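Hi,

Here is the structure I said I would pass on. Have a look at it first, and then read on for what turned up.

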Amino acid sequence: PRPCISNLLCSLLVGIKIKKEVANAFVKRQKRYTPYEWYYEYYKSPMEQMRERCENYPPCDYLSDQIGFSMAYNRYFG
């Protein structure tokens with residue numbers, strides 16, 4: 001591997017890591033064009049709603065990576 005010229009170059013080669021919340025703040029969402037896509041964007045399944053609830057609560061999100069989503073969700077939200 002080549003040596004890094006600067007810290008900026010090294011970070012670009014390795015990849016930039018930012019939190020989900022920060023990334024969502026400046027990434028533009030794609031517009032939905034079909035009624036089918038629009039419907040499923042606004043009326044999510046109960047499982048999808050549960051996943052989002054767990055992802056938005058950092059302890060649950062972290063634990064779901066360790067032991068799985070269903071066990072982590074049941075631990076925090078019962």
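Tyr57, Phe69, Tyr73, Tyr76 and Phe77 come together as one aromatic cluster. Keep in mind that this is a predicted model, so everything below is computed from predicted atoms. The structure has 4 aromatic pairs, and two of them are worth walking through.

Start with Tyr57 and Tyr76. Their ring centres are 5.5 Å apart and the planes meet at 70°, so this pair is edge-to-face; the cut-off for that label is an angle over 60 degrees. Where do the two residues of this pair lie? Tyr57 is in the loop between helix 4 (46-55) and helix 5 (58-67), while Tyr76 is in helix 6 (residues 69-77), so the pair ties together parts that are 19 residues apart in sequence. If you prefer to look at the backbone, the C-alpha atoms of Tyr76 and Tyr57 are separated by 9.2 Å.

Now click on Tyr57 and Phe77. Here the ring centres are 5.8 Å apart with the planes at 65°, so this pair is edge-to-face too. Phe77 lies in helix 6 and Tyr57 in the loop between helix 4 and helix 5, so this pair ties together parts that are 20 residues apart in sequence.

Are these rings buried or exposed? It's something in between: Tyr57 has 37% relative accessibility and counts as partly exposed, Tyr76 is partly exposed at 32%, and Phe77 is partly exposed at 26%. Buried would need a value under 20%, so none of these three residues gets that label.

Two more things around the cluster. Arg51 lies over the face of Phe69, 4.5 Å from the ring centre. And what does Tyr76 touch, apart from its neighbours within four places in sequence? The residues in contact with Tyr76 are Tyr57, Pro59, Cys60 and Leu63. Two of these, Cys60 and Leu63, turn up again in helix 5, where Cys60, Asp61, Leu63 and Ser64 are buried. Among those four, Cys60 and Ser64 are both on the buried list, which fits a general point: an α-helix has 3.6 residues a turn, so residues three or four places apart point the same way. Just after helix 5 comes Gly68, with a positive phi near 110°.

Stepping back to the whole chain, you'll find 6 helices and 0 strands, so the elements read α-α-α-α-α-α from the N terminus on. Buried residues account for 13% of the 78 residues. Of the contacts between residues at least 6 apart in sequence, 9% join residues at least 24 apart. The chain exposes about 7,400 Å², with carbon and sulfur atoms supplying 57% of that.

Last, the record. UniProt, in an unreviewed entry, places the feature "domain: Gla" at residues 46-78. In the model, the chain over residues 46-78 is 88% helix and 0% strand, and the C-alpha atoms at the two ends are 15 Å apart.

That's it from me; have fun turning it around.

Definitions and conventions
Residues are numbered from 1 along each chain as its sequence is written. This is a predicted model: local features need pLDDT of at least 70, side-chain atom pairs count only at pLDDT 80 or more; totals for chains, interfaces and linings use all residues. Side-chain values use heavy atoms; hydrogens and water are left out. Rings of Phe, Tyr and Trp (its six-membered ring) pair if their centres lie within 6.5 Å; planes under 30 degrees apart count as stacked, over 60 as edge-to-face and the rest as tilted. Buried means under 20% relative accessible area, exposed over 50%, partly exposed in between (1.4 Å probe, protein chains only). A charge sits over a ring if NZ of Lys or CZ of Arg is within 6 Å of the ring centre and within 35 degrees of the ring normal. Contact means heavy atoms within 4.5 Å. UniProt positions are given in the numbering used here, feature names are shortened, and annotations may be inferred rather than shown by experiment. Accessible areas come from the Shrake-Rupley method with a 1.4 Å probe; for residues, only the protein chains shown count as cover.
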